[in-house]
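Here are some comments for your file, set out as numbered points. Please read them with the structure open beside you.

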Amino acid sequence: MKVNVTTINCPNCGAECSKNYGDKDAHIYGSPLRTCPKCGATYIDKRFHEIALEGAVYDDIDPYQKKNKKESLTMMLFGAALTVGTLLLSATGRIYPIAFAIGCFSLVIGLVSLIRTGKRSVKNKRAELEEELKRSSLRLQNPQYLDALRLAGYDIPPDFTPKDTLD
């Protein structure tokens with residue numbers, strides 16, 4: 001498995017400020033303000049977004065959801081193919097009970113995994129978004145924080161008021 005390592009450098013002095021072990025284009029909720037440990041400059045980390053300002057993108061809160069769905073669907077397809085294949089071969093007089101059992105088992109496990117992934121992720125996603133929305137709203141009520149965001153180049157409308165609901 002390949003791990004992406006992205007280094008975040010200070011736009012002021014070029015010093016290495018942090019490493020990200022994941023997608024360099026990830027959309028993460030939280031304060032985008034970062035301070036360089038070398039020169040002390042404040043800059044915007046474009047991976048981070050204020051949810052109370054920008055709103056929520058539901059797919060971004062659970063980056064593993066798509067991968068889990070693909071794995072579940074792959075297991076279901078494997079199980080279905082093996083089950084159908086053994087049924088077709090049984091018509092010729094050959095019986096493969098172990099292959100049939102493995103196919104049925106894979107099909108059921110894939111289906112259960114797909115259902116559990118969907119239920120868990122929707123419930124968890126909503127709760128995580130609500131919590132981050134509260135934290136973001138609190139940060140954005142601080143006038144010094146808003147000024148720091150503006151000075152660092154974060155686009156904030158002049159008549160801004162924080163969002164208090166996800167909908």
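1. How much area does the chain expose, and what share of it do carbon and sulfur atoms supply? In this predicted model, the exposed area of the chain comes to about 11200 Å², and 60% of it is supplied by carbon and sulfur atoms. Of the 167 residues in the chain, 29% are buried.

2. As to the overall layout, the chain holds 4 helices and 6 strands, and their order from the N terminus is β-β-β-β-β-β-α-α-α-α. When contacts between residues at least 6 apart in sequence are taken together, 57% of them join residues at least 24 apart.

3. The largest nonpolar core has 15 residues, and those with the most contacts inside it are Leu53, Leu140, Leu149, Tyr154, Ile156 and Phe160. Helix 1 (51-54), helix 3 and helix 4 are the elements that give two or more residues to this core. A second core, separate from the largest one, has 6 residues, including Cys10, Ala15, Cys36 and Ala41. As general background, nonpolar side chains in soluble globular proteins tend to be buried together.

4. Helix 4 deserves a paragraph of its own. Spanning residues 143-152, helix 4 has Tyr145, Leu146 and Leu149 as its buried residues; seen down the helix axis, these fall within an arc of 100°, so they line one face of the helix. Gln144 and Leu151, by contrast, lie on the other side of helix 4 and are exposed. At the start of this helix, the backbone nitrogen of Gln144 has a side-chain oxygen of Asn142 within 2.8 Å, while just after the helix Gly153 adopts a positive phi of about 105°.

5. Is Ser72, a residue of helix 2 (residues 65-90), buried or exposed? Ser72 counts as buried because its relative accessibility is 2%, where the cut-off for buried is under 20%. Its side chain is joined to that of Ser113 by a polar contact of 2.8 Å, and, once neighbours within four places in sequence are left aside, Ser72 is in contact with Gly110, Ser113 and Leu114.

6. Finally, Glu130 is placed in helix 3, which covers residues 97-140, and it counts as partly exposed because its relative accessibility is 27%. Although Glu130 and Ile51 are 79 residues apart along the chain, their C-alpha atoms are separated by 9.6 Å.

Terms used. Residues numbered from 1 in each chain as written. Predicted model: local features only at pLDDT ≥ 70, side-chain atom pairs only at ≥ 80, totals over all residues. Heavy atoms only, no water. Buried < 20%, exposed > 50% of the residue type's maximum accessible area, 1.4 Å probe, protein only. Polar contact = N/O pair within 3.5 Å; in protein donor to acceptor, adjacent residues only side chain to side chain. Contact = heavy atoms within 4.5 Å. Arc of directions from axis to C-beta. Core = buried A, V, L, I, M, F, W, Y, C linked by side-chain atoms within 4.5 Å. Areas by Shrake-Rupley, 256 points an atom, 1.4 Å probe, with all protein chains shown as cover.
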